[in-house]
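Subject: Structure for your review

Dear colleague,

Please find below the structure that I am handing over to you. My notes on what was found in it follow directly after.

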Amino acid sequence: MAIRKKILCIGAGYVGGPSMAMIAHKCPDYRVTVVDINPERIDAWNSEQLPVFEPGLDTIVKKTRGKNLFFRKDIENQIRDNDIIFVSVNTPTKSYGAGAHMAADLQYVEKTARQILKNAQSSKIVIEKSTLPVKTALAMEKILSSRKGKIRFDVLSNPEFMAEGTAVKDLENPDRVLIGSRETPGGLKARDHLIKIYTRWVPLNRIITSSIWSSELSKLVANAFLAQRVSSINSISALCEKTDADIDEVARAVGMDKRIGDRFLKAGIGFGGSCFKKDILNLVYLCNHYGLRDVAAYWENVLRINEYQRERFVNHILHSMFGTLSEKKICILGFAFKADTGDTRESPAFYITQKLVAEQADVVISDPRALKNAAADLSGIKGNVKFVDDPYRAAADCHAVLILTDWDLYRRLDYRKIYRSMIKPAFLFDGRNILDHQQCFSIGFNVYPIGKRALTHF
Ligand code: NAD
Ligand code: UGA
């Protein structure tokens, strides 16, 4: 098949890999290449064991890899050779200097822009796919236009809204695709090129356009709103525990109001993942930068409640288990920050494990996909932490089981068998409210859900 467009993506991570695999899958006449500075990541994308676990991803990568999807290490050649360049590098929270622990660290994005400038021998469309502070495109444009000559660069913003664990579904059937551009003839032409790619599979009415600044800001705001809902319901879960109300019943009643909607109202141990916290911090930093202190404080509280929720969870464990966890064996079921991913970045399970170890508990961690990442995250921790694949073996001889990730697998375990293998009295803390609490109580567990009355035999 004749190749009609040549697309490059710089950054082969959780976003770059799956989103480019989807373009290659939907556009067999486009050649899509993904590059990364990390050679092991590229090797993994070219292997049988992809570096990212996402339901359905294996299938589309296998269908396209080597045909019109390529994972390569020769970044400079690829910049020369492609016309449309997505930038999907990481934008973590800055850990040093001005804005440390708040602002986004833009060094990777800037290095990418400079590398594009250095190696490009023809005009390019450069697309921000990474999540960036509003006005980053201006810096990109300034760098890319710093060399005088005939080559032109048009910068677009096309933030990614996929969630991990459902990336393939989200990419295949997005609620919307957002494209921000300059209102110049060059900007509008570049925008049309990108629209043409997405219309291969996304209905036109779901492809929305805006100014670059609105597009950059919308991405931060979308994540802030989602996180805010989780913090809102989690804050109310604390009140439920004091008043005998049931958080799932409250969420159902509230969510049935069409103006509110029923999604993102599941109380738990707080949100994790690589983006909610960093994007809210970024938003808070921006508001402070523009002197909007009250607005900054409003969003900062979304993060505060998130920390409060996981602290509350550990305190609840400590007090329910008679005030001491020293040398008690605690089994953690689930270390990923959510189900259907092996990603553990900012997972509440990490913070909870740290706190349990600080209380001198012996911790056994099980997870169907995230044990390798869990072991890496906890490699520096001083304390007794073990990693066990089989959830039944992990729970055996434990004083308590904690459900920290909403894996479907944990709904279907034989809790009678688990109960029999545990030290009594056996404690069950359901940090995701996914179990049948009454049934677990009947088996013999002392059951502690989130935002509902505990069921205890004492
Ligand atoms: P990631 O860390 O998984 O991947 C980023 C990749 O970029 C890494 O492999 C890194 O080696 C590579 N990289 C960094 N600098 C480079 C350079 N100069 N040249 C080539 N490669 C370079 O990150 P991610 O989770 O894919 O996130 C990427 C961006 O997308 C972030 O801005 C994030 O906020 C945003 N985002 C993430 C998600 C998600 O679900 N993870 C969803 C939407 C948006
Ligand atoms: C989130 C957004 O949902 C995506 O739209 C966005 O593209 C992405 O961030 C990003 O920019 O990285 P993700 O973090 O992958 O996606 O996963 P979510 O499904 O949003 O879950 C985030 C966290 O909130 C998880 O820890 C999850 O367990 C928790 N959560 C979510 C709840 O505790 N309750 C809920 O009702 C929903």
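Trp45 and Phe71 are both buried. Please bear in mind throughout that this is a predicted model.

The aromatic residues

The two buried residues just named also form a ring pair. A pair of aromatic rings is described by the distance of the centres and the angle of the planes. In total, the structure holds 16 aromatic pairs. In the case of Trp45 and Phe71, the ring centres are 5.0 Å apart and the planes meet at 5°, so this pair is stacked. The pair links distant parts of the chain, since Trp45 belongs to helix α2 (residues 39–45) and Phe71 to strand β3 (residues 69–72), with their positions 26 residues apart in the numbering. Elsewhere, one aromatic cluster is formed by Phe313, Phe322, Phe427, Phe429, Tyr448 and Phe458.

Ligand 1

There are 26 residues around ligand 1, and those that come nearest are Asp36, Arg41, Thr91, Glu164 and Lys278. By class, this shell comprises 9 nonpolar, 10 polar and 7 charged residues. Two of the nearest residues make side-chain approaches to oxygen atoms of the ligand: a polar side-chain atom of Asp36 lies 2.6 Å from an oxygen atom of ligand 1, and an N or O atom in the side chain of Lys278 is likewise 2.6 Å from an oxygen atom of ligand 1. Val15 contributes through its backbone, with an N or O atom 2.9 Å from an oxygen atom of ligand 1. On its own, ligand 1 has 830 Å² of accessible area, of which the protein covers 92%.

Ligand 2

Around ligand 2 there are 19 residues, and Phe161, Met162, Lys219, Cys275 and Arg432 come nearest. The shell of ligand 2 divides into 11 nonpolar, 2 polar and 6 charged residues. Helix α9 (residues 212–243) supplies the largest share of this shell, namely 4 residues. Lys219 places a polar side-chain atom 2.7 Å from an oxygen atom of ligand 2. Two further residues take part through backbone N or O atoms: that of Lys266 lies 2.9 Å from a nitrogen atom of ligand 2, and that of Phe337 lies 2.8 Å from an oxygen atom of ligand 2. The protein covers 89% of the 700 Å² of accessible area that ligand 2 has on its own.

Two buried residues

Ser157 is found in strand β6 (residues 153–157). With a relative accessible area of 2%, Ser157 falls under the 20% limit and is therefore buried. The side chain of Ser157 is joined to that of Ser215 by a polar contact of 2.6 Å. Beyond its neighbours within four places in sequence, Ser157 is in contact with several residues, including Glu128, Leu178, Ile179 and Gly180.

Ala336 lies in the loop between β9 (329–333) and α13 (348–358). Its relative accessible area is 1%, so Ala336 is buried by the same 20% limit. Which residues does Ala336 contact, leaving aside its neighbours within four places in sequence? They are Thr341, Asp343, Thr344, Ser347, Asp367, Ala370, Thr405 and Trp407. In addition, the C-alpha atoms of Ala336 and Asn373 are separated by 8.6 Å, although the two residues are 37 residues apart along the chain.

Yours sincerely

Conventions: Residues numbered from 1 in each chain as written. Chains lettered and ligands numbered in written order. Predicted model: local features only at pLDDT ≥ 70, side-chain atom pairs only at ≥ 80, totals over all residues. Heavy atoms only, no water. Near = heavy atom within 4 Å. Polar contact = N/O pair within 3.5 Å; in protein donor to acceptor, adjacent residues only side chain to side chain. Areas by Shrake-Rupley, 256 points an atom, 1.4 Å probe, with all protein chains shown as cover. Nonpolar A, V, L, I, M, F, W, Y, C, P; charged D, E, K, R; others polar. Buried < 20%, exposed > 50% of the residue type's maximum accessible area, 1.4 Å probe, protein only. Contact = heavy atoms within 4.5 Å. Phe/Tyr/Trp six-rings, centres within 6.5 Å; stacked < 30°, edge-to-face > 60°.
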